[in-house]
Structure formats: C-alpha cells, structure tokens
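Good morning, and thank you for making time for this presentation. I shall take the structure one region at a time, and I ask that you keep it in view as I speak.

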Amino acid sequence: MDNQISAAQQSIGTSTDTAQLALSYYYDEGMDEGVDGNELKKCFVILSVIGQISIDLAKKEFDIDVVNEINRIKRLPCMKGKDIPEFFASTKKSRNNKEFADDKIRSMNCPMDIIARNIDSRVVGRAMGVTRLPISKFLNSNIKGKGNKYKWKKFIESAEVYNKSIKYIEQHKNQYTEKSYMNLKMDSMNHFLNCTNNNLDQETVMLLVKYAFNDDNSDVCQTILNFLYRFNRDKFMNCFVKK
C-alpha cells in the first residue's frame, strides 16, 4: 500500500504539471482549433483523467500505465521544445529548486500567468500582513558546535543520489517484476543508510536539519528529515525546542 501511494503521489504531480503546460500552450496559441490546438486540448483532457486515476491508484487498479501515458504526451510535437510559462518556472523554483534557462521562460497569454500579472499589479502591497515565526525559533539554541562537515556533506550527496535513484526506478517501473522493483527500492535505501548512518553526532544532525529547512534545498528537504527522524530519532527531536 505504501508503495502504491508513493507512486500515485508522483503521478498526480507529474500529470498536473504536464496538464498545466498543455493548457497554457493552448491558450497562448489562441485556442486554435487546428491540428496543434486539438492535440493540446486532448492532452489536458487526458491528463485531467489520469490525475483522477492517480488519486485512486492507492486503492484501485486500472488497466493503464500512467507513467508511460504521461511520457507519451510529453513527447508529442505540440508539447516539445516550447517556452516555459513564468508561473510554472516560478513554482518549480520555489518548490523543487528546479532551474530553467532564462531564454526559455516568458510571460504567456494563459490563465495562470494572467492571474499572476493581475496579482502583481492589483493585490501585492495591499494585502494584510501575516506574521509567521521563522523555523529558527523552533530550533534548540543550546546545541552548538561545528559538527562533522565530512559526514554532513556525504549525507546531503547521498540524499540527492537516493532521490535520483528512486525517481529513475519509478519512471521505469513497468520494466521490472514486482519483486525486482521492491528489491531496487530497498537497495537504494540500504545504500543511502550505508553511506550516511554512521554515528552522526548531535551537532551534525542539527546542521542537516538547518540545511533541510533552507528554501533553496527543498528538493532534498523531505528525504533528509525523513531519514533523520527514522534512523536518528532522539538526536533529530532534540534539535527542536520542547515547548
């Protein structure tokens, strides 16, 4: 069940991202009813259905390979080699730390970019301020020290390798038997643990927690925090204030 939920979560995100791009291209190109326009319309209609299927995959089975279908749509001529809408590039930067070349990003005549322009011109600067406590307020200030920079760096590098491995395995899931698929995921986890779970001291765990919460490191944040919590729980929890 855990594996199905994990795979479904990835498919939901991928199908939503690809659908947003198809919808943006459709509007930006004037909602043309020609070959490209009809093809783009089919894309976001199909992807909206795939998104719903992905949500249900954790508890049902469907006779469709979701990952292959999304990849097929990504490779269509109407989807390939086009610019990236500003809203999409901005979202990917803030949530996944993904960078696009500046010459590939432009403001499009699509719903999300139109809304963003309206927010910038009419709303930003007028909204009521909301006070939020920074994460640093919740960290245990009694933990001081430089930690082990070698282990710290190795943990981060291993987290990046682990993320890439799991992503590759999920993308090629249909090529494996169920047993080999599970073994590959377990091997990736064991490799991560062999590289990182080597008597981390309290100061090094704190360095990793601070690194994970940095906005620029959102791509590995979840992996770092999950592994620290699962395999160094006491030291991880000690990084935070008790009240």
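Let me begin with a definition: the expected span of a helix is 1.5 Å times one less than its number of residues. Please keep in mind throughout that this is a predicted model. With that yardstick, consider α9, which has 14 residues. From its first C-alpha to its last, α9 reaches 21 Å, close to the 20 Å expected at 1.5 Å a residue.

Now the chain as a whole. There are 10 helices and two strands, and along the sequence they follow the pattern α-α-α-β-α-β-α-α-α-α-α-α. The C-alpha atoms fill a box of roughly 65 × 55 × 35 Å along the principal axes. Of the 243 residues in the chain, 33% are buried. The chain exposes about 15,600 Å², and carbon and sulfur atoms supply 52% of that area. Among contacts with a separation of 6 or more, residues 24 or more positions apart account for 68%.

I return to α9 and its surroundings. Which residues of α9 are buried? They are Val220, Cys221, Thr223, Ile224, Leu225, Phe227 and Leu228. The elements that cover these buried residues include α6, α7, α8 and α10, the last spanning residues 233-237. As a general point, an α-helix has 3.6 residues a turn, so residues three or four places apart point the same way.

The largest nonpolar core has 26 residues. Those with the most contacts inside this core are Phe155, Leu208, Val209, Ile224, Phe227 and Leu228. At least two residues of the core come from each of α6 (149-171), α7 (178-196), α8 (202-212) and α9 (218-231). Another core lies apart from this one; it has 24 residues, among them Leu40, Ile53, Ile73 and Ile84. In soluble globular proteins, nonpolar side chains tend to be buried together.

Take Ile224 as an example from the largest core. Leaving aside neighbours within four places in sequence, Ile224 is in contact with Phe155, Ile156, Ala159, Leu208, Tyr211 and Ala212.

Next, the aromatic side chains. How many aromatic pairs does the structure hold? The number is 13. In one of them, the ring centres of Phe155 and Phe192 are 5.3 Å apart and the planes are at 65°, so the pair is edge-to-face. This pair links distant parts of the chain, since Phe155 belongs to helix α6 and Phe192 to helix α7, 37 residues apart. Phe155 and Phe192 are both buried. Ring pairs also join Phe155, Tyr162, Phe192, Phe227 and Phe231 into a cluster. A further ring, that of Tyr229, has the charged end of Arg233 sitting over it, 4.3 Å from the ring centre.

Helix α8 also contains a polar residue worth a moment: Thr204. Is Thr204 buried or exposed? Its relative accessible area is 0%, so Thr204 is buried. Beyond four places in sequence, Thr204 is in contact with Gly147, Asn148, Lys151 and Trp152.

I turn now to the other core and the residues around it. Ile84 is found in strand β1, residues 84-85. With a relative accessible area of 10%, Ile84 is buried. Not counting residues up to four places away in sequence, Ile84 touches Tyr25, Ala89, Phe100, Lys104, Ile105, Arg106 and Met108. Ala116 is 32 residues from Ile84 along the chain, and their C-alpha atoms are separated by 15 Å.

Helix α4, residues 86-96, has Phe87, Phe88, Ala89 and Lys92 as its buried residues. α4 is followed by Asn97, whose phi is positive, near 55°.

Finally, two methionines in loops. Met79 is in the loop between α3 (66-74) and β1. Met79 is buried, because its relative accessible area of 9% is under the 20% cut-off. Its contacts, leaving aside neighbours within four places in sequence, are Thr18, Leu21, Ala22, Tyr25, Leu40, Cys43, Ile73 and Lys74. Met79 and Tyr26 are 53 residues apart in sequence and 10 Å apart in space, C-alpha to C-alpha.

The other methionine, Met31, is in the loop between α1 (2-28) and α2 (35-56). Met31 is partly exposed, with a relative accessible area of 40%. Although Met31 is not a glycine, its phi is positive, at about 50°.

Thank you for your attention.

Key: Residues are numbered from 1 along each chain as its sequence is written. This is a predicted model: local features need pLDDT of at least 70, side-chain atom pairs count only at pLDDT 80 or more; totals for chains, interfaces and linings use all residues. Side-chain values use heavy atoms; hydrogens and water are left out. A nonpolar core is a set of buried Ala, Val, Leu, Ile, Met, Phe, Trp, Tyr and Cys residues joined through side-chain atoms within 4.5 Å. Buried means under 20% relative accessible area, exposed over 50%, partly exposed in between (1.4 Å probe, protein chains only). Helices (H or I, at least four residues) and strands (E, at least two) are DSSP runs, numbered from the N terminus. Contact means heavy atoms within 4.5 Å. Rings of Phe, Tyr and Trp (its six-membered ring) pair if their centres lie within 6.5 Å; planes under 30 degrees apart count as stacked, over 60 as edge-to-face and the rest as tilted. A charge sits over a ring if NZ of Lys or CZ of Arg is within 6 Å of the ring centre and within 35 degrees of the ring normal. Accessible areas come from the Shrake-Rupley method with a 1.4 Å probe; for residues, only the protein chains shown count as cover.
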